[in-house]
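Reader: I am new to this structure and would like to be led through it step by step. Could we look at it together, with a reason given for each answer?

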Amino acid sequence: MSSEVPAGWPRISSALFYDDAPAAIDWLGRAFGFVTRLKVEGDDGSIVHSELEYEEGLIMVGSTARGTDGRKSPRSIDGANTQSLFIYVADIEAHYARAKAAGAKIVAELETKNYGDEHWVDRGYAAVDCEGHHWWFAQRMSTSKKQTA
């Protein structure tokens, strides 16, 4: 058994399920800057499989109707949340403006958080996407000398 990661894949990725996955894929690109590298559609227009990249990160997006494994969109369960995603971006101010302009629901405004001299300083925000998944975006502002040693 190989422990190697296939080329073009991070060691870990997440799959998100949407009631309207084709619309969600478009929205995630427009609001958060994801680029679709693969989209496999079923005969009924649902998404069988998709892969969306954000720089070296990768998520998969699928239709809730395709699975037999209890797939749910947060929208269909009164906004209940089973996970949140965290992404470092290069320009948090521009990313925030883009997401807000695209209609992302901002649930934590831009804020700079200092985790102390032993750790780091991040600036970030949190948003909820078009069906209720929670996302955190941040930009590393500084790292302690201890962290970089």
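The questions and answers below concern a predicted model, and they turn to a helix, a sheet and some salt bridges.

Reader: Which residues of helix α2 are buried, and where do they lie around the helix?

Author: In helix α2, which spans residues 92-101, the buried residues are I92, H95, Y96 and A99. Seen down the axis of α2, these buried residues fall within an arc of 100°, so they line one face of the helix. The elements they pack against are α1 (21-32), β3 (47-54), β6 (105-114), β7 (120-128) and β8 (134-143). The answer is therefore I92, H95, Y96 and A99, on one face of α2.

Reader: Which residue caps the N-terminal end of α2?

Author: At the N-terminal end of α2, the backbone nitrogen of E93 lies 3.3 Å from a side-chain oxygen, and that oxygen belongs to the capping residue. The residue that caps this end is D91.

Reader: Which strands stand at the edges of the open sheet?

Author: The open sheet has 4 strands in the order β5-β8-β7-β6, with mixed pairing. Two of these strands have a single partner strand each, so one side of each is left without a neighbour in the sheet, and these edge strands are β5 and β6.

Reader: How many bridges join β7 to β8, and do the strands run parallel or antiparallel?

Author: Strand β5 (residues 84-88) runs parallel to β8, to which it is joined by 5 bridges. Between β7 and β8, A127 stands opposite W135, and A126 stands opposite W136. The strands β7 and β8 are joined by 9 bridges and run antiparallel.

Reader: How many residues apart in sequence are the parts that R37 and E51 tie together?

Author: R37 and E51 form a salt bridge in which the closest N and O atoms are 2.7 Å apart. R37 lies in strand β2 (residues 35-41) and E51 in strand β3, so the parts that this pair ties together are separated in sequence by 14 residues.

Reader: Is E131, which forms a salt bridge with R75, buried or exposed?

Author: The closest N and O atoms of E131 and R75 are 2.9 Å apart. E131 lies in the loop between β7 and β8 and R75 in the loop between β4 (57-63) and β5, so the pair ties together parts 56 residues apart in sequence. R75 is partly exposed, with a relative accessible area of 47%. The cut-off for buried is under 20% relative accessible area, and with a value of 5%, E131 is buried.

Terms used
Residues are numbered from 1 along each chain as its sequence is written. This is a predicted model: local features need pLDDT of at least 70, side-chain atom pairs count only at pLDDT 80 or more; totals for chains, interfaces and linings use all residues. Side-chain values use heavy atoms; hydrogens and water are left out. Buried means under 20% relative accessible area, exposed over 50%, partly exposed in between (1.4 Å probe, protein chains only). Helices (H or I, at least four residues) and strands (E, at least two) are DSSP runs, numbered from the N terminus. The arc is that of the directions from the helix axis to the C-beta atoms. Contact means heavy atoms within 4.5 Å. A polar contact is a pair of N or O atoms within 3.5 Å; within protein, one must be able to donate a hydrogen and the other to accept it, and residues adjacent in sequence count only if both atoms are side-chain atoms. Two strands pair if DSSP finds at least two bridges between them. A salt bridge is a side-chain nitrogen of Lys or Arg within 4 Å of a carboxyl oxygen of Asp or Glu.
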